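Thanks, everyone. I'll keep this brief. Please have a look at the model on the screen, and then we'll go through it.

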Amino acid sequence: MAPSISISITNSNSINIRDFVVNKGHGVKGLAELGLKTLPCQYIHPPQERFDTGTPEAHHNSIPLIDMSRCNDPEVAEAICKAAQKWGFFQIVNHGVPMHVLEDVKDATHRFFGLSADEKKKYSKEQSVTNNVRYGTSFTPACEKALEWKDYLSLLFVSDDEAASQWPPICRNQVMEYMKGSEIIVKKLLEMLMNGLNVKEIDETKESNLMGSKRINLNYYPICPNPDLTVGVGRHSDVSTLTILLQDDIGGLYVRNTETMKWIHVPPVSGSLVVNVGDALQIMSNGKYKSVEHRVSANGIRNRISVPIFVNPKASDIIGPLPEMLQSGEKPLYKHVLYSDYVKHFFRKAHDGKATIEFARA
Ligand SMILES: CC(C)(COP(=O)(O)OP(=O)(O)OC[C@H]1O[C@@H](n2cnc3c(N)ncnc32)[C@H](O)[C@@H]1OP(=O)(O)O)[C@@H](O)C(=O)NCCC(=O)NCCSC(=O)/C=C/c1ccc(O)c(O)c1
Ligand SMILES: O=C(O)CCC(=O)C(=O)O
Ligand SMILES: [Fe+2]
């Protein structure tokens with residue numbers, strides 16, 4: 001754990017950063033709003049984890065942009081399966097989620113984070129009436145040597161009734177519309193990806209393994225005084241099956257090119273959704289589809305938001321390579337694991353690149 005030291009904010013005020021941000025519920029947004037001139041030491045990441053955002057390489061040769069308006073065209077399905085193998089990431093346009101739904105959920109995200117610290121803290125781990133609604137900051141502050149410059153609200157969807165009664169009223173309708181509005185495209189993408197593995201029928205078990213649960217995070221990355229010294233989100237891969245991410249027009253998401261190992265920027269495209277393969281799909285496809293490392297920079301100019309929908313197996317599902325992957329004698333790269341064990345393993349450590357999947361290595 002990083003040392004809990006006090007730093008001087010102004011000549012007269014001295015505050016304990018972790019206590020203020022994490023325990024008192026001000027988040028990194030509250031810290032940013034104090035008007036800091038320099039980054040508190042708790043947020044300084046080692047040089048090898050910092051961003052070199054100026055490299056031209058990062059802005060060329062980005063992930064594929066796929067038009068879903070001809071989604072019954074085999075060429076579109078092929079482009080999606082190829083992107084899932086090579087990049088683990090792609091962007092989609094003409095995906096069928098109405099533009100006003102995307103705009104509304106972005107506005108709702110700004111509204112939630114605009115609430116007072118006391119209001120937001122009602123949804124913190126300590127105060128939330130349910131484990132399925134959690135407001136927090138960084139990723140796992142208790143395990144991190146350096147904190148991440150990000151606050152979040154994480155909503156695990158259990159039922160319409162639970163969402164209606166427990167999700168914060170200031171954003172729940174817009175989040176729900178976004179989640180429901182993306183269901184058709186999520187199903188379509190998973191069908192195409194399964195087809196690419198020669199899985200022709202998605203039975204009840206497969207449907208649960210592929211999309212039995214959903215978690216939506218509202219991410220808030222405030223303006224940062226020294227963005228070059230810290231990270232918005234550290235290197236990680238998602239533990240989902242698929243992630244559908246809405247980002248605003250600011251940029252800052254970087255994806256690892258697994259051939260060159262260089263970081264590639266994912267440029268904001270108006271009206272698009274970023275889609276990425278998560279660890280659960282890498283495991284089920286026995287490594288054919290890649291869950292690729294990604295990270296987010298902090299920035300010194302504007303407050304950025306993003307809204308990922310993590311489409312996951314059910315917590316009680318046991319996942320492993322699909323039988324179809326092993327029919328021709330291919331060796332299983334992964335063992336069978338209880339999905340909730342896998343997610344708990346992910347949540348109980350700091351972000352550590354591609355290390356999580358070792359938990360399921362055969
Ligand atoms: C995963 C479980 C089983 C956890 O159940 P729960 O009863 O809450 O277990 P728990 O033992 O209390 O929680 C384990 C720890 O996880 C951490 N944790 C729990 N929820 C969250 C959360 N939403 N965000 C961060 N950490 C969390 C905490 O550290 C918990 O410990 P504690 O601080 O409560 O002591 C439950 O939520 C579930 O059924 N989930 C369904 C599947 C699911 O949620 N999958 C996850 C997909 S998320 C995904 O793919 C990526 C997420 C991500 C990536 C980068 C980020 O920077 C980021 O913030 C988040
Ligand atoms: O903010 C982003 O663009 C990506 C966030 C992310 O990777 C995550 O929440 O898992
Ligand atoms: Fe992610």
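Let's start with the shell around ligand 2. Its residues split into six nonpolar, four polar and two charged. Keep in mind that this is a predicted model.

Who is in that shell? Asn-219, Tyr-221, His-236 and Asp-238 are among the residues surrounding ligand 2. So are Leu-245, Leu-253, His-294 and Val-296. Arg-304, Ser-306, Pro-308 and Phe-310 complete the list.

Which element gives the most to this shell? That is β14, with four residues.

Now the polar contacts. A side-chain N or O atom of Ser-306 is 2.7 Å from an oxygen atom of ligand 2. For Arg-304, a polar side-chain atom lies 2.9 Å from a ligand 2 oxygen. For His-294, the distance from a side-chain N or O atom to an oxygen of ligand 2 is 3.1 Å. How much of ligand 2 does the protein cover? On its own, ligand 2 has 300 Å² of accessible area, and the protein covers 95% of that. Three elements give two or more residues each to the shell: β7 (213-221), β13 (294-296) and β14 (304-312).

Next, the cores. In soluble globular proteins, nonpolar side chains tend to be buried together. Here, the largest nonpolar core has 71 residues. Seven of them touch the most other members: Met-68, Ile-80, Ile-92, Leu-153, Trp-167, Tyr-178 and Leu-189. Which helix gives the most to this core? Helix α8, residues 183-195, with seven residues.

There is another core, apart from that one. It has 13 residues, including Trp-87, Tyr-221, Leu-253 and Val-274. You have met two of those names already: Tyr-221 and Leu-253 are also in the shell around ligand 2.

Back to Leu-153 for a moment. Leaving out residues up to four places away in sequence, Leu-153 touches Phe-112, Phe-113, Tyr-123 and Val-133, among others. Its contacts also include Arg-134, Cys-171 and Ile-216.

Last topic: backbone angles. Two residues to look at. Asn-94 is not a glycine, yet its phi is positive, near 50 degrees. Asn-94 sits in the loop between β4 (89-93) and α4 (99-113). Buried or partly exposed? Asn-94 is partly exposed, at 47% relative accessible area.

Then Met-261. Its phi is about 65 degrees, again positive in a residue that is not a glycine. Met-261 is in the loop between β10 (253-256) and β11 (263-265). Met-261 counts as partly exposed, with 47% relative accessibility.

That's it from me. Over to you.

Methods
Residues are numbered from 1 along each chain as its sequence is written. Chains are lettered from A and ligands numbered from 1 in the order in which they are written. This is a predicted model: local features need pLDDT of at least 70, side-chain atom pairs count only at pLDDT 80 or more; totals for chains, interfaces and linings use all residues. Side-chain values use heavy atoms; hydrogens and water are left out. A residue is near a molecule or strand if one of its heavy atoms lies within 4 Å of it. A polar contact is a pair of N or O atoms within 3.5 Å; within protein, one must be able to donate a hydrogen and the other to accept it, and residues adjacent in sequence count only if both atoms are side-chain atoms. Accessible areas come from the Shrake-Rupley method with a 1.4 Å probe; for residues, only the protein chains shown count as cover. Ala, Val, Leu, Ile, Met, Phe, Trp, Tyr, Cys and Pro count as nonpolar, Asp, Glu, Lys and Arg as charged, and the others, Gly among them, as polar. A nonpolar core is a set of buried Ala, Val, Leu, Ile, Met, Phe, Trp, Tyr and Cys residues joined through side-chain atoms within 4.5 Å. Buried means under 20% relative accessible area, exposed over 50%, partly exposed in between (1.4 Å probe, protein chains only). Contact means heavy atoms within 4.5 Å.
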